[in-house]
Amino acid sequence: MFRSLRSDIQAIYENDPAARSTAEIIFTYSGLHAIWAHRVAHALYKRRFFSLARFISQASRFMTGIEIHPGATIGQRFFIDHGMGVVIGETCEIGDDVVVYQGVTLGGTGKEKGKRHPTIGNNVVIGSGAKVLGSFKVGDNSNIGANSVVVREVPPNSTVVGIPGKIVKSNGKRVTGRLDHSHLPDPVIEMFRTMHQEINELKSEIAALRQKNQDGGKGA
Ligand SMILES: CC(C)(COP(=O)(O)OP(=O)(O)OC[C@H]1O[C@@H](n2cnc3c(N)ncnc32)[C@H](O)[C@@H]1OP(=O)(O)O)[C@@H](O)C(=O)NCCC(=O)NCCS
């Protein structure tokens, strides 16, 4: 157990360059307080002390702004940075060495029953404000961009960004054509180009007709 507590602290040193001392981490990192409270709540939940587990989880939420359902399964060295607004659902499963930032929701879509929250693989980073919704898997070593909304399975070693989340990198290589911001079609410019072309064609036709009239007038 002490090894697990020590590894939680070590995870903070590894992921947060601002962490200065163990005392500072123990007393001021609300993400760590939430995880430790969750470990107690989850143990009670597994022994079917559901209400007591829920009480601890709600007390922790009041103190930290982080809501982790006691039923959620969380691996080793989980790091919640800043934390405020993080919500983790009952049937969520989280692997080892996962990092989540403030405002992350690991939730359900409201349409599923039973297992309705995501399974997060090992070594996954979930950026601030991201929502991962549904009972699918986010593969190992994947990154979810800040403010993304992910509603589908994410293969391992992927980077997903946007709403709805799209894979922009896979195994370290950029997935082409997905996020080509500099070449997005602009319908207004396209319309002006077409109009410009039509006006030029009309001008040429009018000039040709005028010429024809002048030639006809001279001939008469
Ligand atoms: C997604 C993230 C983890 C980077 O992963 P990565 O695999 O290194 O991806 P890259 O930085 O190479 O970005 C890949 C593409 O996605 C884009 N992108 C990255 N993050 C994005 C986001 N959150 N939303 C939209 N697009 C994003 C990049 O601009 C890049 O686009 P391009 O290929 O057109 O240039 C990172 O951008 C991120 O969002 N981290 C969260 C950090 C956070 O929440 N910090 C809070 C601190 S308080």
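## Working through a ligand shell and a helix pair

In this predicted model, 14 residues surround the ligand, and the closest are S128, A146, T159, K169 and R174. Here are some exercises to try with the structure open.

**Exercise 1.** Find the polar atoms of S128, T159 and K169 that face ligand oxygens, and say which belong to the backbone and which to side chains.

*Solution.* Start with S128: a polar backbone atom of this residue sits 2.7 Å from an oxygen atom of the ligand. Next, go to T159, where a polar side-chain atom is 2.5 Å from a ligand oxygen. Then look at K169, which also offers a polar side-chain atom, at 2.9 Å from an oxygen atom of the ligand. Now step back to the whole ligand: on its own it exposes 910 Å², and the protein buries 56% of that.

**Exercise 2.** Which elements give two or more residues to the shell around the ligand, and how does the shell divide by residue class?

*Solution.* Take the elements to begin with: they are β14 (158–161) and β15 (166–170). Then sort the shell residues by class, and you get five nonpolar, seven polar and two charged.

**Exercise 3.** Look at the loop between β14 and β15 and work out whether the peptide bond from I163 to P164 is cis or trans.

*Solution.* First, place P164: it's in the loop that links β14 and β15. Then check omega for the bond from I163 to P164, which is near -10 degrees, so the bond is cis. As a reminder, most peptide bonds are trans.

**Exercise 4.** How are helices α3 and α4 oriented relative to each other, parallel or antiparallel?

*Solution.* Two packed helices are described by the angle and the distance between their axes. For α3 (residues 30–46) and α4 (residues 50–64), the axes come within 8 Å and cross at roughly 175 degrees. Angles over 145 degrees count as roughly antiparallel, so α3 and α4 are roughly antiparallel to each other. Now list who does the touching: α3 brings residues including H33, A37, V40 and L44, while α4 brings, among others, F50, L52, I56 and S60. By class, this contact has 10 nonpolar, five polar and no charged residues.

**Exercise 5.** What is the sign of phi at R48, positive or negative?

*Solution.* Go to the loop between α3 and α4, where R48 is found. Its phi is near 70 degrees, a positive value in a residue other than glycine. Most residues other than glycine have a negative phi.

Technical notes:
Residues are numbered from 1 along each chain as its sequence is written. This is a predicted model: local features need pLDDT of at least 70, side-chain atom pairs count only at pLDDT 80 or more; totals for chains, interfaces and linings use all residues. Side-chain values use heavy atoms; hydrogens and water are left out. A residue is near a molecule or strand if one of its heavy atoms lies within 4 Å of it. A polar contact is a pair of N or O atoms within 3.5 Å; within protein, one must be able to donate a hydrogen and the other to accept it, and residues adjacent in sequence count only if both atoms are side-chain atoms. Accessible areas come from the Shrake-Rupley method with a 1.4 Å probe; for residues, only the protein chains shown count as cover. Helices (H or I, at least four residues) and strands (E, at least two) are DSSP runs, numbered from the N terminus. Ala, Val, Leu, Ile, Met, Phe, Trp, Tyr, Cys and Pro count as nonpolar, Asp, Glu, Lys and Arg as charged, and the others, Gly among them, as polar. Axes are lines fitted to C-alpha atoms, for helices over the stretch in contact, and angles run from 0 to 180 degrees between N-to-C directions. Angles under 35 degrees count as roughly parallel, over 145 as roughly antiparallel, 65 to 115 as roughly perpendicular and the rest as oblique. Contact means heavy atoms within 4.5 Å.
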